[in-house]
Amino acid sequence: VGSAGDMSKLSHIDDSNRPTMVDVSDKSATRREAHARSVVQLPEPVLAELDGDEIVSKKGPVFATAVIAGVMAAKKTHELIPFCHPLGLEDCSIEIAVEGGSAVIDCRCRVTHKTGVEMEALTGASVAALTIYDMCKALSHDIVIGETRLMKKTGGKRDFHRE
């Protein structure tokens, strides 16, 4: 861990190096958007069950269920991550596409607020990935949840774009 001087650069550390929620009371509400991506590597036994753009397991349609779980999780991010502000998401969409041997999950969130939505997008993509694992684990335990990363964010102090 860095020195106290290094810690002051972290937004959730106060002047006494204690974890804290960021005070957004002086910020202006602006339109904020974020896009996060998770990649799930699917082994052959799982890919063999792919029918078009969906896998139907004993638990039901895998990708459709993962979309619902991801949106639900994005809406509850503040209940999971201690210093996230509660946000009334204006939009949250999740798309899942199979590319090669992987399911690529894209979660996009939007809100007009004083704080950004990148944690909501990351949470949505992550929980969708975990849902795919849960629903397909009877077929194989060799499923790998790979990278989860922020692809883009706009509307805050600084924009970020990876795509």
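Good morning. I begin with one pair of residues: Asp106 and Arg37 form a salt bridge, and their closest N and O atoms lie 2.7 Å apart. This contact joins distant parts of the chain, since Asp106 sits in strand β6, residues 102-113, while Arg37 belongs to strand β1, and 69 residues separate the two. Please bear in mind throughout that the model is predicted.

How do the two partners stand with respect to the surface, buried or exposed? Asp106 has a relative accessible area of 10%, and because the limit for buried is under 20%, Asp106 counts as buried. Arg37, at 23% relative accessibility, is classed as partly exposed.

Let me now step back to the whole protein. The chain has 163 residues, and 36% of them count as buried. The protein contains 5 helices and 8 strands. Followed along the sequence, these elements come in the order α-β-α-β-β-β-α-α-β-β-α-β-β. Along the principal axes, the C-alpha atoms fill a box of roughly 55 × 35 × 30 Å. About 9300 Å² of the protein is exposed, and carbon and sulfur atoms supply 52% of that area.

How much of the contact pattern comes from residues 24 or more positions apart? Among contacts with a separation of 6 or more, such residues account for 67%.

I return to the salt bridges, of which the whole structure holds 6. A further one joins Lys59 and Asp134, with 3.2 Å between the closest N and O atoms. Lys59 is found in the loop between β3 and β4 (60-61), and Asp134 in helix α5, so this pair ties together parts 75 residues apart in sequence. Asp134 is partly exposed, at 32% relative accessibility. Lys137 also enters the picture, as Lys59, Asp134 and Lys137 are linked in a network of salt bridges.

Another salt bridge brings together the side chains of Arg110 and Asp91, at 3.8 Å from N to O. Arg110 lies in strand β6 and Asp91 in strand β5, residues 91-99, so the pair connects parts that are 19 residues apart in sequence. Arg110 is partly exposed, with a relative accessible area of 25%. Asp91, at 32% relative accessibility, is also partly exposed.

The last topic is the pockets. Rolling a probe the size of a water molecule over the atoms shows where empty space is left.

What is the volume of the largest pocket? The value is about 860 Å³. The lining of this pocket consists of 29 residues, and those nearest its centre are Ser11, His12, Lys27, Thr115 and Glu118. By class, the lining of the largest pocket comprises 11 nonpolar, 8 polar and 10 charged residues. At least two lining residues come from each of β1 (30-41), α5 (118-136) and β7 (144-154).

The second largest pocket has a volume of about 150 Å³. Lys59, Asp134 and Lys137 are among the residues that line the second largest pocket, and these three are the members of the salt-bridge network described a moment ago. The lining also includes Glu49, Val56, Ser57 and Lys58, together with Met135, Ala138 and Leu139. Here β3 (54-57) and α5 each contribute at least two residues. The classes in this lining are 4 nonpolar, 1 polar and 5 charged.

To close, helix α5 is one element to locate on the screen: α5 supplies at least two lining residues to the largest pocket and at least two to the second largest. Thank you for your attention.

Technical notes: Residues numbered from 1 in each chain as written. Predicted model: local features only at pLDDT ≥ 70, side-chain atom pairs only at ≥ 80, totals over all residues. Heavy atoms only, no water. 1 Å grid on protein atoms, 1.4 Å probe; cavity = no way out; pocket = protein on both sides within 12 Å on 5 of 7 lines; lining within 4 Å. Points joined across faces, edges and corners; volume = space filled by probe spheres on them. Helix = DSSP H or I, 4+ residues; strand = E, 2+ residues; numbered from the N terminus. Nonpolar A, V, L, I, M, F, W, Y, C, P; charged D, E, K, R; others polar. Buried < 20%, exposed > 50% of the residue type's maximum accessible area, 1.4 Å probe, protein only. Contact = heavy atoms within 4.5 Å. Areas by Shrake-Rupley, 256 points an atom, 1.4 Å probe, with all protein chains shown as cover. Salt bridge = Lys/Arg side-chain N within 4 Å of Asp/Glu carboxyl O.
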